[in-house]
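Student: I have a protein to look at today. Can we go through it step by step?
Tutor: Yes. Ask short questions, and we will work from the surface to the ligand.

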Amino acid sequence: MQTQVLGNAQQVNQHNDHITIQTTQATAKIWVYAPAIIRVNLTQTPDKPDTSFAVIQQPESGIQFSEDDSEIVITTDALTLRVSKAPLRFSFYTPDGQALSEDDARFGVNWQNERVVNYRKLYADEKFIGLGEKTGDLNRRGTHYVNWNTDASKHTIHTDPLYKTFPFFIGLHSGLTYGLFFDNTNKSYFDFGATTDDEMSWFGADGGDMNYYFLGAQGVANIIKDYTWLTGRMEMPPLWSIGYQQCRYSYMSADEVLGIAEKFREHNIPADVIYCDIDYMDNYKIFTWNDEAFPDPKGLVDKLKALDFRTVCIVDPGIKVEEGYKQYDEGVAKNYFATYTNGDNYVANVWPGRCHFPNFFDDEVKEWWGAAFTALTEPGVEGFWNDMNEPAAWGQNIPYLVKFGDRYMAEVRNAYGMEMTKATYNGTRKILGNKRPFMLTRAAYCGTQRFSAVWTGDNTASDEHMLYGQRLVNSLGLVGMSFTGVDIGGYTGNPTPELMLRWNSLGVYIPMYRNHAEIGTAMREPWEWGEENMAIIRKDIELRYQLLPYIYSGFYESSQNGLPLSRTLAIEHIQDENVFDVRYQNQFIFGNSILVAPVESTKLIAEVYLPEGEWYRFGSDKAYEGGMAHSVPAPLNDLPVFVKAGGIVPMQSVIQSTNETGDGILYLHIWKGSEDSTFVYYEDDGVTYDNERGVFHKREISYYAETGKVTLAVAEGSYTSKFNTLKLIPHGFGKAVKEKEVTYGIGLIEIDLK
Ligand code: GLC
C-alpha cells in the first residue's frame, strides 16, 4: 500500500471565490459559502470537474485571508479556519478562539492507495450525532459506520450499512457545536473513536477527494438550518400524503385494493392513501399494468378517488430484459443502461428476473424515465414509490466493473437512489402540472429532502425494531430529512395485537404514517385485530387527523428552515446528559411542543425523562416537572405524550380524509406556561403549487404568559382558510378559565384568557 501524506504548503494562490494551497502531494482548495460554512477540498486531481449531487449553493466571491510563515487564516463573522503550513493541517475555531474541530496533529489528511482519510482530534467530552439512517445509539461516540447503500432486507437493529448514505454528522463538546458534511459518494467510513485511541476520530472514503463542508453555527438547530440551506429543503408535501397510508406487498388485484379502501369507509377509520406494490404490474415490468388483476387502472383509481383515496404505485429501477417491452427496447437502442467496461449492458436479477439498470446520472435518461410516468398518471396515480434503488440486485454485490456512463458504480452508487428519485420527481412534476406529486424513496443521499419522503426499509415486527426505528427517524431529522416513515407494524413477521396497537399509536407522531407488511404475513389492516382493538386504532388515527393543522404547520417549518418534524431531544438539550441516556434516547419532540416517549408494547408503565421546564400529559393535563424522570402509566390506548408548558397546538375535528373540509372549527389548544411562546400556523390548498405564488394562509400565534393573552397576527397570503370559527381550549389554567369561541377571520385576533 502506498501512503501519501499531505506534505507542507509550498504555494498559496488567491482566486475570486477560493484559495488554493499547493503541497508536493496535493492541492487544497478553500471556499466560504456563508459566514458559518467553509468548504475544504483536498485533492490529487485538481482539474477534475467540481460537481455535487447534494449542494445547491454557490460560494461567496472575494475570499479574504491572512498569511505568515507558519499559517494561513480565513476569518468570517462566525468562524475562523487556521491552516498550519508545515505540515498542512486544518483547524476551526469560534470567532473568540475556542477550538471547534482540529485535524489530528500527527496524521491530518492522507491517502492510502485510493482511500482518503481525515484523522481529527477527539475531545474528551465529545459526542457525535447524525449520519441519518444508522443503527446504534443517539450518541455515536465509540462506534463506526460504513456508507454503502444496501438492500438490507432482514436487517437487525445492529446492521450497518442500511439503505441510505448521509455523510453528515454533528459534533458536540465543551458546550460547543459544529457540523461536518463529507460530500463524497464513494463508499465512506466514519469512526467516532471506536478503533483508535482516545486522541482521534476519523472518516474517509475509498476514492474521491477529502471534500467537506465545515459548519460552525452554534446550536444544533442552527447547524441543521445551515446544512439544509446548503443542500436544500423539502417542499410542502401534498396534504393527503400526511394522512393515514395503507400499504401491503401486495394487494393482489384491483378488487382487493378497492375492497380495502371500502372497508376503511365502512368502519369510519380515516385514511387517505392506498398503495399498489409490485403485483399491479405485468411480470414486474415497470410502467405496465397486469391486465388480468388490474384490467382497468383508470376505473380503479377513479373509484378510489370517489372514496377519497389517493393511489401510490411502486416503481423499481430494474428494467426486465424482454424484447418487445418498450422500456427495454428503447433503453437498449439508446444506450440508457449501466454497462460493463466493455460496453455490454450490465444484467442482474431482481423481481422481474434478468434486468438492466437505467443510468440515472445522465440527464437524457432521467428525461426518458420521467416521461414514462404517463403510464401511471393517466389512470390518475399521484404518488410514486421508488424502491430497490440502492440499487438492489439479488446477491447484493454489483461488480465494481459496472459503469454509469463514464462513472464507475463504486464512485456514485450512494447517489443512485437519489438520482432515480430526482428523475421520477422531475418527470411527474412535469406531467402533473400544478399538482404536487408524492414521492417516496428507499435509497437516498444528502439533498434527497428536496424531492422525496423516505422510509427505513424492511424492518421486523418486534418491539426493538419499533424503538430503533424511531431513532432512525429522529436521526434522519438531523440530516435534513423531515418527511420520514417506518413500516408500522413491522414489515417482516407478524406483530402481536399489543405491538400493532402500540406502533400505530406511535405512528400518529411519525411524519409519514404508513402501515405496511410483507407478502406471506398476516393481514394487518385496522379491522384485523377485533372490535376492541380496532376502536383503539381508530381513535389513534382520528387523533392524527385532528392534529393535521399542527403537523402541516410543522412541515411548513421544515420547508422554511429545515428543522425536522421528529426532533431528537439532543437538538435543544445538548448539555443534558439524560437526553443521551440509552433509556431515554428514543424520545423526541414532535413539531414544537409535543414530547413523545416510545414504549415497548409489553410495558404498561414507562419511565420517561422530561427535559427542563414544565410539562403536561397530553389528554389528562396532569402536570409534571421537567429536568427529571417520571414513572408514568402507559396503557396501550394512551402512549406517554406530553406537551411543553406554553405549548400551542392547533387541531381540527375528525375528518375521514383530507379531502373533507370539516366543520370549519379550528381548535387552538394552549397549555399554561410561565414564558411567552409562539407558533406559526400555516395552511394552503394542500394540492397545488399555488402556495409558491402566495396562495397560502399563515399567521403567528402568540401566548403571553404574564397577561394571559393569546393573539393571532393578521394573516399573510391570499388563501382563504377552511376555518371560520376559532375555539380556544385552555389547559392547566384552572377551572375559572373557560373555552373561548370567536370568529376566525384574517384580521388580528386577541383573546384574553383571564
Ligand atoms: C422491498 C421493499 C418493500 C416492498 C417489496 C416489494 O422489499 O422494501 O417495502 O414491499 O420490496 O416491492
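**Surface, fold and ligand site**

Tutor: The protein exposes about 26400 Å², and carbon and sulfur atoms supply 47% of that area. Keep in mind that this is a predicted model.

Student: How many helices and strands are there in the protein?
Tutor: Both kinds of element are present. The count is eleven helices and 48 strands.

Student: Why is the protein as compact as a globular protein of that length?
Tutor: Start with the globule rule, which gives 27 Å for 754 residues. Then take the radius of gyration of the protein and set it beside that number. The two are close, so the protein is as compact as a globular protein of that length, with a radius of gyration of 26 Å.

Student: What does the C-alpha trace span along its principal axes?
Tutor: There is one value for each axis. The spans are about 75 × 70 × 50 Å.

Student: Which share of the residues counts as buried?
Tutor: Buried means under 20% relative accessible area. Apply that to the 754 residues of the protein, and the share is 64%.

Student: Is Asp-540 buried or exposed?
Tutor: First place the residue: Asp-540 lies in helix α10, residues 531–546. Its relative accessibility is 10%. The cut-off for buried is under 20%. Asp-540 therefore counts as buried.

Student: Which residues is Asp-540 in contact with, leaving aside its neighbours within four places in sequence?
Tutor: Set those neighbours aside, and four names are left. They are Asn-504, Ser-505, Val-508 and Tyr-513.

Student: What separates the C-alpha atoms of Asp-540 and Asn-637?
Tutor: Along the chain, the two residues are 97 residues apart. In space, their C-alpha atoms are separated by 8.2 Å.

Student: Now the ligand. Which residues are closest to the ligand?
Tutor: In total, 13 residues surround the ligand. By class, eight are nonpolar, one is polar and four are charged. The closest are Asp-277, Asp-387, Arg-442, Asp-458 and His-516.

Student: Where does Arg-442 sit relative to an oxygen atom of the ligand?
Tutor: Look at two aspartates beforehand. The side chain of Asp-277 has an N or O atom 2.5 Å from a ligand oxygen, and the side chain of Asp-458 has one at 2.5 Å from a ligand oxygen. For Arg-442, a polar side-chain atom lies at 2.8 Å.

Student: How much of the ligand's exposed area does the protein bury?
Tutor: Taken alone, the ligand exposes 310 Å². With the protein around it, the buried part of that area is 98%.

Methods:
Residues numbered from 1 in each chain as written. Predicted model: local features only at pLDDT ≥ 70, side-chain atom pairs only at ≥ 80, totals over all residues. Heavy atoms only, no water. Near = heavy atom within 4 Å. Polar contact = N/O pair within 3.5 Å; in protein donor to acceptor, adjacent residues only side chain to side chain. Areas by Shrake-Rupley, 256 points an atom, 1.4 Å probe, with all protein chains shown as cover. Nonpolar A, V, L, I, M, F, W, Y, C, P; charged D, E, K, R; others polar. Helix = DSSP H or I, 4+ residues; strand = E, 2+ residues; numbered from the N terminus. Rg over C-alpha atoms; globule rule 2.2 N^0.38 Å. Buried < 20%, exposed > 50% of the residue type's maximum accessible area, 1.4 Å probe, protein only. Contact = heavy atoms within 4.5 Å.
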